[in-house]
Every structure is written in C-alpha cells, then in structure tokens.
2 protein chains.
Amino acid sequence: MARRRGNPLALAVLALLFERPMHPYEMASTMRARRKEESIKLNYGSLYSVVDGLVKHGLIEAVGVLREGRRPERTVYELTEPGRLELFDWLSELVSTPAREYTSFEAGLSLLPVLPPEEAVRLLEERVLRLEQHLHMDEALREVTVKQGLPRLLLIEWEYTRMLRRAELDWVKGLIDELREGTFEGLDFWRVWHERCSAGLEPPGLEAIGYVAGYPADHGAANSAGSAGAGSAGDDDPEAPIA
Amino acid sequence: MARRRGNPLALAVLALLFERPMHPYEMASTMRARRKEESIKLNYGSLYSVVDGLVKHGLIEAVGVLREGRRPERTVYELTEPGRLELFDWLSELVSTPAREYTSFEAGLSLLPVLPPEEAVRLLEERVLRLEQHLHMDEALREVTVKQGLPRLLLIEWEYTRMLRRAELDWVKGLIDELREGTFEGLDFWRVWHERCSAGLEPPGLEAIGYVAGYPADHGAANSAGSAGAGSAGDDDPEAPIA
DNA sequence: GCTCGAATACTCGGGGACGGGTGATCGCTG
DNA sequence: CAGCGATCACCCGTCCCCGAGTATTCGAGC
C-alpha cells in the first residue's frame with residue numbers, strides 16, 4: 001500500500017495494459033513501435049522489476065502463461081481495478097503538477113564560474129552546434145515517423161521537447177552574446193575569482209562586490225564556525241563566504 | 001578508474017573543493033547558502049556516499065580531522081590533481097553536450113491519450129495555474145536573493161529555468177486552445193479510442209487513420225503477432241492474449 | 001541444409017541513491 | 001541549573017535501477 005511513485009516506466013506499463021493484456025516483452029516492443037522510449041526510459045532490467053513491483057502491489061496480475069512454438073514462456077498480465085485507479089491518478093498528477101526536475105545542463109550552469117570565462121564561451125558555442133544538429137535530426141526522424149502514419153496525437157511529447165530545445169538554443173545564443181560583448185554583469189569578478197582559485201589561493205569573497213554573509217540574514221549568527229581553517233592567515237573574517 | 005559519471009552532486013563537491021578544502025557538512029551548508037540545492041539535488045545520504053566514491057577514485061583526499069570545542073570530528077577533504085582534471089572535463093561535458101533527459105511531464109504527455117480529452121484539458125489548465133504560481137514565487141525569491149548581494153553570475157541557472165518554465169507555460173496554453181477549439185488533429189480518434197478502451201474492448205487499431213503496422217517499415221515481417229487488434233478480424237490468431 | 005544474424009524472452013548481481021535515524025553540543029529561558 | 005529546541009555531523013538499511021549476459025529460435029541467403 002501507499003506505494004512510492006518512482007519510475008515512470010511503471011506508469012507506461014499500466015497505460016499499455018489499459019489497452020489490452022500483454023506480456024512484458026510485448027510492452028517493450030509496443031513502446032518502441034510508438035517511439036515511447038524517447039520519452040520514457042526503457043530497459044529490460046527495469047521493466048521486469050517494475051512489473052514485479054506492480055504485481056506485488058496488486059495493480060496488475062498475471063492472467064496466464066503462453067508457450068508458442070517452442071519459444072520461452074511468456075507471462076501475460078492484465079490491469080486490476082486498483083491498477084486502473086492508480087493509472088489515472090498518477091497520470092493526472094504528472095500532467096497537472098509541475099515537478100522540480102534536475103537537468104545536467106542546469107547543474108553545469110550553476111557551476112560555470114569554475115571555468116574561465118573564455119572557456120565557458122567556447123563550450124557554450126559547442127553546445128549551440130550540437131543543439132542545432134539534434135534539432136535537424138529530430139525533424140528528419142519526425143517526418144519519417146509521420147509518413148508511417150503515426151498521428152500527431154501520439155507525438156505531442158515530441159512537439160514539447162522540440163520547443164524546449166529551441167528555446168534553450170535561443171537562450172544560450174543570447175548568453176554567449178552577452179559574454180562576448182562584455183555586457184554580462186560581474187564578468188571581471190568572475191575572471192579575478194577564477195585566477196585566484198586556480199593559483200591555489202583563497203578566492204576573494206563576495207565583499208568585493210557588496211556581498212556580505214554566506215547566509216541569508218535570518219540565519220544570522222549560526223555559521224559553520226571553523227571554515228577559516230586551513231591555509232589562510234589570521235584574519236578578521238572567519239567566514240569569507242565564497243572563499 | 002574509468003569511473004561512471006553519475007550524480008552531479010559529485011561534480012559539485014569537486015567544484016567546492018576547487019575553492020578550498022572543506023568537510024562534507026560545510027559543503028552542504030555552502031551549497032545551501034548559494035542556493036545551489038535548487039539546481040543540484042542534495043541530501044546527506046548521497047553526499048557522504050559520493051564523497052566516499054571520490055576518495056576511492058583518488059579524486060579527493062582527506063587532509064585531516066578537526067575537532068573544535070567538543071563537537072564531533074570533521075574530516076576535511078581537498079582536491080587532488082586528477083580530481084582537478086576530472087572537474088574540468090566533466091563540467092565541460094555538461095556544458096557543451098546536450099544530454100537526453102527524461103522529465104515527468106514529457107512522460108505524462110506521451111501517455112495523454114489514456115485520459116479522456118476533456119479531462120486532459122482540465123488537468124492542463126491546472127498545470128497552467130501551478131506554473132504561474134511557481135513563476136511568481138521564483139520571482140520573489142530571486143529578488144530577495146539579489147538584495148542579499150548574490151551577483152547574477154551565481155544565478156544564471158535561475159534565468160535558464162525561469163525561461164524554460166515560461167516557454168512551457170506558453171506552449172501548454174497553446175495546446176489547451178487547440179484542444180478547446182477542436183482544431184487538434186485526431187481528436188475524434190482519441191475520443192473513440194478512449195471509449196472503447198474504457199469499456200474493456202479492444203481499441204480500434206490505427207488502421208482507422210491509415211496506420212498499418214506496429215513497426216516501422218524496415219522491421220517489416222517481424223511483428224509482435226497480435227498488435228493489429230485481435231478482437232476485430234476472425235480469429236486465425238493463435239495467441240489471442242487472454243482467454 | 002547449414003550457417004549467420006536478428007529477434008525473443010528473461011535473469012542476475014553490483015551499485016548507487018535516499019531518507020530516516022542517532023548522538024552530541026550549543027544557546028537560551030525561566 | 002534544568003530543560004528545550006535547534007544545529008551539527010554522520011551512518012546505515014533498504015529499495016530500486018540498470019546494463020550486461022544467456023539461452024533459444026526463427027528466417028534469409030548461399
């Protein structure tokens with residue numbers, strides 16, 4: 001009971017069984033045929049464990065085992081009533097409620113100051129190229145798929161991701177421009193800070209540009225006491241924040 | 001060697017140690033102070049295991065154990081030379097190379113046909129509301145943070161996600177409109193398909209709209225035997241899924 | 001009729017993430 | 001000075017994920 005909604009693959013399984021009973025391998029094939037592995041991560045290891053999980057929670061159940069020719073057995077599953085409810089409930093949640101997702105580009109951006117500005121620009125330009133390539137390939141693949149007769153209804157997620165990629169592309173281009181033109185706020189601080197770090201020195205704190213404490217005002221006193229520790233000389237600022 | 005680049009939290013650890021030696025708990029505090037937990041998933045369980053992993057691969061090493069007052073011991077780590085290289089290499093990859101990411105909304109969209117169209121619209125509208133709320137809260141939080149003096153350089157990732165959310169918002173609105181106006185291609189098929197599934201019948205195949213086989217042309221012959229809709233034709237089908 | 005490759009159907013063991021503990025200490029208050 | 005809550009610092013058991021492997025069988029071509 002009260003199962004943790006983890007892997008979306010489980011939802012996909014429920015959705016497939018909503019159409020008709022299937023055995024796991026067939027679920028995988030169907031997902032492939034409909035290009036759903038593009039939007040829902042699929043691999044066999046996960047598939048079978050996810051199916052087991054659903055059985056254990058009573059959301060699906062085995063309806064029989066077939067053997068055809070002398071192929072291995074195939075266990076066919078069907079949706080139970082609780083499973084049907086879970087399917088609608090879970091899917092509703094996914095659609096109606098934006099969830100915090102952590103993308104790796106976001107992670108990269110948030111650590112960007114670690115790189116020297118010039119290097120950052122170079123890498124961002126590389127990203128632009130790659131994004132453009134991906135967009136073209138997507139486009140091509142999409143045309144093929146549509147020609148095969150898959151209706152738009154079954155490809156909305158493509159439109160979504162395509163639009164996101166495009167938006168990202170534009171944004172990155174804009175960022176590059178700002179960096180190139182030098183209109184990006186704090187660029188000089190970036191450079192200085194980076195040089196000192198690379199040299200193995202204590203980096204300058206944010207005081208340099210008006211930043212005072214590493215903590216929001218309300219945390220006030222409580223500070224990770226001994227941060228000064230290692231190399232730096234005795235100084236009045238025991239907690240040079242970024243330092 | 002040849003370690004698998006998994007959790008971005010590991011990268012964040014490397015980045016922090018690039019500035020100066022720290023003990024794990026301090027890394028966490030620093031990330032919080034800089035609002036990095038917004039873009040890189042942080043929890044203590046992962047942090048300590050990630051640190052262990054980095055030590056095991058020789059990318060960081062313990063430089064000592066401090067005890068201050070009579071607090072518990074704190075093991076302080078520093079970056080090794082291989083660690084420094086890995087840091088730059090990994091970060092470069094994140095920035096320069098777009099990676100396939102699976103978001104849950106994408107998963108939701110790709111299974112959307114499971115819901116009746118009216119319900120889908122309702123849920124999408126809910127999403128619009130929630131997105132707008134989030135955007136406003138972000139905006140507010142951002143203002144506060146900026147007033148605390150965090151420079152733009154340390155908040156680029158916010159600009160990125162904000163822009164993404166905005167783009168999503170617009171897109172969802174557009175989709176809703178199309179569905180409401182009935183200009184969305186295949187809407188009637190959707191309705192029919194859904195009703196039959198709900199009634200426990202075999203859903204109509206895609207032949208109804210010109211789609212022929214579950215597989216792209218080049219797979220040709222090999223078809224997961226029953227995909228064409230067992231219920232419809234006379235049953236020469238040897239493996240009608242359930243009995 | 002034989003071989004090669006692709007498809008079928010699943011198994012398994014390692015590894016990593018995660019969340020919920022667990023003490024111990026510090027500061028404040030009555 | 002006793003008690004209370006907040007903070008500090010870390011550990012551990014569980015669950016879940018995943019990718020590589022395996023054994024079989026069908027079909028196409030020579």
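## Two chains, one DNA strand and a set of aromatic pairs

Chain B superposes on chain A with an RMSD of 0.1 Å, by a turn of 180° and a shift of 0.0 Å along the axis. The two copies are thus related as by a two-fold rotation axis. The same surface serves both copies, as 98% of the contact residues of chain B recur in chain A. The model is predicted.

**Aromatic rings**

A pair of aromatic rings is described by the distance of the centres and the angle of the planes. Over all chains, the count comes to eight aromatic pairs. One of them joins Tyr160(A) and Phe105(B). Its ring centres are 5.0 Å apart and its planes stand at 90°. An angle over 60 degrees counts as edge-to-face, so this pair is edge-to-face. The pair crosses between chains. Tyr160(A) belongs to helix H7 (residues 156-181) of chain A, and Phe105(B) to helix H5 (residues 104-110) of chain B.

Are these two residues buried or exposed? Buried means under 20% relative accessible area. Tyr160(A) has 4% relative accessibility, so Tyr160(A) is buried. Phe105(B) has a relative accessible area of 2%, so Phe105(B) is buried too.

Ring pairs also link Phe105(A), Trp171(A) and Tyr160(B) into a cluster. Phe105(A) has a charge over its ring as well: the charged end of Arg127(A) sits 3.6 Å from the ring centre. In chain B, the charged end of Arg100(B) sits over the ring of Tyr102(B), 5.3 Å from its centre.

**DNA strand D**

Around DNA strand D there are 17 residues. Those that come nearest are Asn7(A), Gly45(A), Ser46(A), Tyr25(B) and Arg74(B). Which part of the strand faces the protein? Of the strand D atoms within 4 Å of the protein, 72% belong to sugar or phosphate. The rest belong to bases.

Three contacts to phosphate oxygens of strand D are set out here.

| Residue | Protein atom | Distance to a phosphate oxygen of DNA strand D |
|---|---|---|
| Asn43(A) | polar side-chain atom | 3.1 Å |
| Tyr48(B) | polar side-chain atom | 2.9 Å |
| Thr75(B) | backbone N or O atom | 3.3 Å |

Four elements give two or more residues to the surface near DNA strand D. In chain A the element is helix H3 (44-56). In chain B the elements are H2, helix H3 (44-56) and strand E2 (74-79). H3(B) provides the largest share, three residues.

**His23(B)**

His23(B) lies in the loop between helix H1 (8-19) and helix H2 (24-33) of chain B. Its relative accessibility is 9%, so His23(B) counts as buried. Which residues does His23(B) contact, leaving aside neighbours within four places in sequence? They are Arg74(B), Thr75(B) and Val76(B). Two of these names recur at the DNA. Arg74(B) is among the residues that come nearest to DNA strand D, and a backbone N or O atom of Thr75(B) lies 3.3 Å from a phosphate oxygen of that strand.

**Arg35 in both chains**

Arg35(A) has a positive phi, near 65°, in a residue other than glycine. Arg35(A) is found in the loop between helix H2 (24-33) and H3 of chain A. With a relative accessible area of 12%, Arg35(A) is buried.

Chain B has its own case. Arg35(B) is not a glycine, yet its phi is positive at about 65°. Arg35(B) lies in the loop between H2 and H3 of chain B. At 12% relative accessibility, Arg35(B) counts as buried.

How values were computed: Residues are numbered from 1 along each chain as its sequence is written. Chains are lettered from A and ligands numbered from 1 in the order in which they are written. This is a predicted model: local features need pLDDT of at least 70, side-chain atom pairs count only at pLDDT 80 or more; totals for chains, interfaces and linings use all residues. Side-chain values use heavy atoms; hydrogens and water are left out. Rings of Phe, Tyr and Trp (its six-membered ring) pair if their centres lie within 6.5 Å; planes under 30 degrees apart count as stacked, over 60 as edge-to-face and the rest as tilted. Buried means under 20% relative accessible area, exposed over 50%, partly exposed in between (1.4 Å probe, protein chains only). A charge sits over a ring if NZ of Lys or CZ of Arg is within 6 Å of the ring centre and within 35 degrees of the ring normal. Copies are superposed by least squares on the C-alpha atoms of residues with pLDDT of at least 70 in both. Contact means heavy atoms within 4.5 Å. A residue is near a molecule or strand if one of its heavy atoms lies within 4 Å of it. A polar contact is a pair of N or O atoms within 3.5 Å; within protein, one must be able to donate a hydrogen and the other to accept it, and residues adjacent in sequence count only if both atoms are side-chain atoms.
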